[in-house]
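Here's a quick tour for anyone meeting this structure for the first time. We'll look at the ligand and then at the cysteines.

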Amino acid sequence: MSIALAAEWLARARQVTVLTGAGVSAESGIPTFRGDGGYWRKLRVEELATPAAFTRDPKLVWEWYEERRQTVAQCAPNAGHRVLAAWEKRFPFFLLATQNVDGLHQAAGSVRVAPLHGDLWTLRCTAEGTERIDRRTPLPAIPPRCPACGALERPAIVWFGEPLPKEHWEEATQAAVVCDVLLVIGTSGVVQPAASLVDIALAHHARVIEINLRETALSDVVSASLQGPAATVLPALDRLLPPDT
Ligand code: OAD
């Protein structure tokens, strides 16, 4: 499938919706969850990012997040993030739904963002549900405790078995319904409900363009698969679009 045809679809689109996953941040130096290097201390993400894992061993779960926080703190947005930030101004309607919790889209300047899986820098009190942002790395104590009541704090991240933030999910599904093009970038497409945005967009006759290093669970159903690193393919697509006026 040629990148030129994908660029043609984009050039004609008025409404563009994007779904990103860990692959869009890979070239910034942040490890993805699955595939090579997808294990942490021999544990899979499905064994760490759950309420049960946190109840069993909050310190272990926090050590994993602490390591990711330290990695992300040293990383900067890449060319892929920057193209997506620029496209927000180019298309009359644009929404970037992301499964990433690293904040790199926002750091690149994206504002129209629906963070489906939460945020790595926000801590939530397990007793009161109050949230606070704490960007310190390392955190002074692991696991952290609520400054107000002393209860354990957890990362404000959506874990397996938990619902997505209602407002962001509704915004994302609505954007998948109305878009002309849905771009699906750097995600394995195995985590629901995020991956179902593809089915929603297809059911409403959008073109779905996947950008990924390799074939994924979604490759057979999308309208076009562009294989390559997001930080290369996105700028290449951008160069094929007519000048932004
Ligand atoms: P995965 O780790 O499952 O998949 C990353 C995808 O990115 C794979 O398909 C890779 O082939 C692709 N990839 C890697 N490097 C790339 C690059 N430079 N350019 C383009 N593609 C590249 O990550 P997600 O699909 O994001 O949830 O995982 C979904 C969710 O599972 C995450 O949000 C996380 C995890 O549980 C939570 O933490 C709540």
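On a 1 Å grid over the protein atoms alone, a pocket is an open set of points with protein on both sides within 12 Å along at least five of seven lines. A molecule sits in a pocket if more than half of its atoms lie within 2 Å of its grid points. Here, the ligand sits in the largest pocket.

This is a predicted model: local features need pLDDT of at least 70, side-chain atom pairs count only at pLDDT 80 or more, and totals for chains, interfaces and linings use all residues. Residues are numbered from 1 along each chain as its sequence is written, and side-chain values use heavy atoms, with hydrogens and water left out.

There are 24 residues around the ligand (a heavy atom within 4 Å of it). Arg34, Val158, Thr187, Ser188 and Asn212 come nearest.

Now for some polar contacts, meaning pairs of N or O atoms within 3.5 Å:

| Ligand atom | Protein partner | Distance |
|---|---|---|
| nitrogen | Glu27, N or O atom in the side chain | 2.8 Å |
| oxygen | Phe33, polar backbone atom | 2.7 Å |
| nitrogen | Ala230, polar backbone atom | 2.9 Å |

On its own, the ligand has 800 Å² of accessible area (Shrake-Rupley method, 1.4 Å probe), and the protein covers 94% of that.

What about disulfides, pairs of cysteine sulfur atoms within 2.5 Å? The structure holds 0 of them. The closest cysteine sulfur to that of Cys149 is in Cys125, and at 3.6 Å it is too far for a bond.

How values were computed:
Polar contact = N/O pair within 3.5 Å; in protein donor to acceptor, adjacent residues only side chain to side chain. 1 Å grid on protein atoms, 1.4 Å probe; cavity = no way out; pocket = protein on both sides within 12 Å on 5 of 7 lines; lining within 4 Å. Disulfide = S-S within 2.5 Å.
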